[in-house]
Amino acid sequence: MQTLNEGDFSARRREARLSYAIYLESKDSQDECYDMVAAGLQQPAHVLQHIPPENFMTATRQRAWDGVDQLALAYSAGHLLDELRAAYPTILAYWLAFARYDMAFDAQADEAEQGFPHFALPGDGYEQVNRMVCLGILLGCGSLLPRLAPVIDFNNHEKDGLLERLLACFVAGRDAAWPKCTRQLPYINTLKIFAADKDARPALMHAYLQQWYEASRREPYYDSHRRNTSFRGYWSWEAAAITCVLDIDDSGYRGAPFYPADLVAFCSMQGKGSGA
């Protein structure tokens, strides 16, 4: 994605707490990571064969992290939704590449270094996975989620009720009745939205959004606007994705804080959000 100039950023920014300086610093760092990893992987075969597997794993992991972070950053900064949609398959490719190199590292690592998930759902990896799944849905890329699912599943021995329900709309074999969430608040409160009658869902979602930020106080993004470059905006991606897959009437909460309403409208126009 091309970097926004300051004028376009000021006119199109979706997250008022995001400054142009932080946007620029974060995006430049992410783009630099992309370029460095690409250059490293394009070295001659006789050079690559002598590089330790851990180096490939570490570099591609950072690129995967930066990729999903950039999607959120770009949304908050005011990038066009068509740009985000076009970028999503590339970011997914970064995740798939990391998964390959992580498995290669796992295969030759010491026992103490084996068995870790690509993205640990009980840990901070949950927020990254949640964003990747929800943005896949919201950007009309639900057909790509079967490729993402094995990356999520690798060595994650605990299932997550919200992710299972979202993935079940696009991926066969998911457990849409799983009763627990690995990170609890705020996500556990989404399960009753799925379980409710259609007419009750708008009010439940409105209540979810009202409580979302304070319920997220144990999540890594909470209060991140005070931590400069870690800030990418506050958005309840899952509220938007659930609205799409369950076809909830959002007229009563369309203007709620933390609700990315234009992504929901974009998803509806793609005609690929509904899966339930």
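**View 1. A salt bridge joins the side chains of D69 and R131 in this predicted model.** The N to O distance here is 3.0 Å. D69 sits in helix α4 (residues 53–77) and R131 in helix α6, so this contact ties together parts of the chain that are 62 residues apart in sequence. With a relative accessible area of 12%, D69 is buried. R131 counts as buried too, because its relative accessibility is 1%.

**View 2. R131 also forms a salt bridge with E127.** This time the closest N and O atoms are 2.8 Å apart. What separates the two residues along helix α6? They are four residues apart, which means about one helical turn lies between E127 and R131. Both E127 and R131 are buried.

**View 3. R174 and E164 meet through their side chains in a salt bridge.** The N to O distance is 2.8 Å. R174 belongs to the loop between α8 and α9, while E164 is part of helix α8, and the two are 10 residues apart. R174 and E164 are both buried. Elsewhere, salt bridges with shared partners connect D69, E127, R131 and R232 in one network. Altogether, the structure contains 11 salt bridges.

**View 4. Of the 19 aromatic pairs in the structure, this one brings F98 and F119 together edge-to-face.** The ring centres are 5.8 Å apart, with 85° between the planes. Distant parts of the chain are linked here: F98 comes from helix α5 (residues 81–108) and F119 from the loop between α5 and α6 (125–138), 21 residues apart. F98 is buried, with a relative accessible area of 1%, and F119 is buried at a relative accessible area of 1%.

**View 5. Y213 and F258 make a stacked aromatic pair.** Their centres lie 5.6 Å apart and their planes differ by 20°. Y213 is in helix α10 (residues 201–215) and F258 is in the loop between α11 (237–245) and α12 (261–270), so the pair ties together parts 45 residues apart in sequence. Y213 and F258 are both buried. Take a look at the wider surroundings as well: ring pairs link W212, Y213, Y221, Y222, F231, Y234 and F258 into a cluster. Within that cluster, Y234 is placed in the loop between α10 and α11. Is Y234 buried or exposed? Its relative accessibility is 2%, so Y234 counts as buried. For a sense of scale, the C-alpha atoms of Y234 and P179 are separated by 26 Å, with the two residues 55 apart along the chain.

**View 6. Backbone geometry worth a second look includes a cis peptide bond from L185 to P186.** Omega is near 0° for this bond, and P186 is in the loop between α8 (161–168) and α9 (191–195). As background, most residues other than glycine have a negative phi, and most peptide bonds are trans. Q184, not a glycine, has a positive phi of about 55°. Q184 is also in the loop between α8 and α9, and is partly exposed at a relative accessible area of 40%.

**View 7. D247 has a positive phi of about 50° without being a glycine.** D247 is located in the loop between α11 and α12. Its relative accessibility of 53% makes D247 count as exposed.

**View 8. E25, D28, E32 and D35 form a negative surface patch.** D28 is part of helix α2 (residues 20–41). With 41% relative accessibility, D28 counts as partly exposed.

Note on methods: Residues numbered from 1 in each chain as written. Predicted model: local features only at pLDDT ≥ 70, side-chain atom pairs only at ≥ 80, totals over all residues. Heavy atoms only, no water. Patch = residues over 30% accessible without salt bridge, like charges linked within 9 Å, V, L, I, M, F, W, Y side chains within 5 Å. Areas by Shrake-Rupley, 256 points an atom, 1.4 Å probe, with all protein chains shown as cover. Salt bridge = Lys/Arg side-chain N within 4 Å of Asp/Glu carboxyl O. Lys, Arg positive; Asp, Glu negative; His and termini not counted. Charge placed at Lys NZ, Arg CZ, Asp CG, Glu CD. Buried < 20%, exposed > 50% of the residue type's maximum accessible area, 1.4 Å probe, protein only. Phe/Tyr/Trp six-rings, centres within 6.5 Å; stacked < 30°, edge-to-face > 60°.
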